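Student: I would like to go through this model and ask how each label is justified. Please set the values against the rules as we go.

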2 protein chains.
Amino acid sequence: MSQKDQQSIKPVAELIPAGCSVCGVRQYGICKALRSADLFRFANSTRRRKVAHGETITFEEDEVVDYANIVSGSVKLTKLLSDGRQQIVGLQFAPEFIGRPFSENVTVSAEAATDVELCVFPKTEFEKMLREQPDFEHQLLEQTLVNLDDARTWMVTLGRKTAQEKVASFLLLLASHIGKSKEENTGHKLFSLPLKRADIADFLGLTIETVSRQMTKLRKTGVISVERNLEITLHDARLLKQLAGDD
Amino acid sequence: MSQKDQQSIKPVAELIPAGCSVCGVRQYGICKALRSADLFRFANSTRRRKVAHGETITFEEDEVVDYANIVSGSVKLTKLLSDGRQQIVGLQFAPEFIGRPFSENVTVSAEAATDVELCVFPKTEFEKMLREQPDFEHQLLEQTLVNLDDARTWMVTLGRKTAQEKVASFLLLLASHIGKSKEENTGHKLFSLPLKRADIADFLGLTIETVSRQMTKLRKTGVISVERNLEITLHDARLLKQLAGDD
DNA sequence: CGCGAAATTGACTATATTCAAAGCTAGTGG
DNA sequence: CCACTAGCTTTGAATATAGTCAATTTCGCG
């Protein structure tokens, strides 16, 4: 809280790099495992990068840069079949980590679904920190386990749910990650879709048309309302959960 | 490195617990990260357990036992919807680890697909070892990352592949994990199905009948032959790969 | 050999896809 | 400010793929 006072009793925990002190995700994700000294060292090699909506998150070749944290925005992870069919295998939001440590051949590509702000760090520095700071690696393990849980949960959606249930599941997923409650609950949530219909289809294993038809059905039954094709108001979370086949 | 050797030349790596010395997976999976002393300590709290084909791998309640390595056999991980629909979200083979560290509410259940032999260890001892031995935790992270890659690869199969491609993908997955080459290559592989038709269907997001029809089609085109519904000979791996939609 | 469980096969149906057309929306420039 | 365009989205009609229901066959095991 106190920033620059002279003879203050400032606790060590507040001695953090200037960049990190204003960072919205500093105390979340993998960074929360870093203490003052390490954070200073690590922060030296990080840099902010803005990626526009729709851009692929490649990392410049010359700089050996391979990992990043999402500071704001949504990132989609996709996989391709040789004939062009696509599947989105993950949606990631702030403050999650992106990248695949300890492996050369990664077969997912990351694309900014919305405008995205990243905190990028070089592979070498990151892996060094992992080696030296067990807490840091532990934090990465925790997140990886959550990602694995999420992936497996989504496999049920892909393999066993109907189109209706898939779309409902998708809306619930968004509501839980980026939904804002308007007034006091009643299950009302508000959020804007980070994905177009084509991407939603690729996430759900459906076609654009089927997604559209299901959205229409949800609108007509009053579960949600839609503004300009992307601002969603969720009116009845309980019903949506039922429609999603959960509970 | 050198532990207690006076003038001996015996390498430390061979000073391992009796149980581990005959263990087929000792130098694989997470165990390979353990050095002699730690292995001795850890081995004290492990025990072998045989689980018959079809049995759920529950861990006795009184004993707080939560994790295991697969020593032999295949384990299926399943998730259920409330109305009974089921999805298999992972197949695991020796020497993989089973369990979900650091979380109380796990929603996948593990069942022995074949007769299985496990090396079981108590939650407390395991988590203590993770804390004290960064190499051990690192090994777990590596495996979790591989599991995540596998899950995401399978999501493409579930979301975007046809029934034909799904069945072909399944056979390829088995061939790569448990297939034995008979003579010198030519792509011939031999393996027995660890799953019945119903489970294959639950793994692929299909019905029993559809799986059966696709298997018949593969038999008739000569890609595979089938003995007693479960012994598979793969004749043409290259063609199967094409049919799987990969390459 | 005979029984029950599992797998296959067939006929029909339903759900989601495909193909095609029309309606929106956001952004541009007159 | 409005008209125009390009890209998405929605809607409709026909089709195809996988699902359902039902009958048979095969397999595993006493």
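Student: How do you know how the residues of the surface near DNA strand D divide by class?
Tutor: The model is predicted, and the residues of that surface divide into 6 nonpolar, 7 polar and 6 charged. Asp, Glu, Lys and Arg count as charged, so Arg197(A), one of the residues that come nearest to strand D, is charged.

Student: What makes a residue part of the surface near DNA strand D?
Tutor: Its C-beta atom has to lie within 6 Å of the strand. There are 19 residues around DNA strand D, and among those that come nearest are Ser212(A), Thr216(A), Thr162(B) and Thr210(B). Two or more residues each come from α6 and α7 of chain A and from α7 of chain B. The most, 6 residues, are given by α7(A).

Student: Which residues come closest to DNA strand C?
Tutor: Of the 18 residues that surround DNA strand C, the closest are Thr162(A), Thr210(A), Arg197(B), Ser212(B) and Thr216(B). Here α7 of chain A and both α6 and α7 of chain B give two or more residues. The largest share, 6 residues, comes from α7(B). By class, this surface has 5 nonpolar, 7 polar and 6 charged residues.

Student: Why is Leu195(B) called buried?
Tutor: The cut-off for buried is 20 or more other C-beta atoms within 10 Å. Leu195(B) has 20, so Leu195(B) meets the cut-off and is buried. Leu195(B) lies in the loop between β9 and α6 of chain B.

Student: What does Leu195(B) touch, leaving out residues up to four places away in sequence?
Tutor: Leu195(B) touches Lys76(B), Ala113(B), Ile200(B) and Phe203(B). Contact requires C-beta atoms within 7 Å, so each of these four pairs meets that limit.

Student: How do you know that the buried residues of α3(A) are on the same side?
Tutor: The buried residues in question are Phe126(A), Met129(A) and Leu130(A), in residues 123-132 of chain A. They cover an arc of only 105 degrees around the axis, so they lie on the same side of α3(A). On the other side, Thr124(A), Arg131(A) and Glu132(A) are exposed.

Student: How many residues does each chain bring to the contact between chains A and B?
Tutor: Chain B brings 32 residues and chain A brings 32 residues. On the side of chain B that touches chain A, β4 and α4 each supply at least two residues. The largest share, 18 residues, comes from α4(B). By class, that side has 15 nonpolar, 9 polar and 8 charged residues.

How values were computed: Residues are numbered from 1 along each chain as its sequence is written. Chains are lettered from A and ligands numbered from 1 in the order in which they are written. This is a predicted model: local features need pLDDT of at least 70, side-chain atom pairs count only at pLDDT 80 or more; totals for chains, interfaces and linings use all residues. Helices (H or I, at least four residues) and strands (E, at least two) are DSSP runs, numbered from the N terminus. A residue is buried if 20 or more other C-beta atoms lie within 10 Å of its own, exposed if 12 or fewer, and partly exposed in between; C-beta atoms are placed from the backbone. The arc is that of the directions from the helix axis to the C-beta atoms. Two residues are in contact if their C-beta atoms, placed from the backbone, lie within 7 Å.
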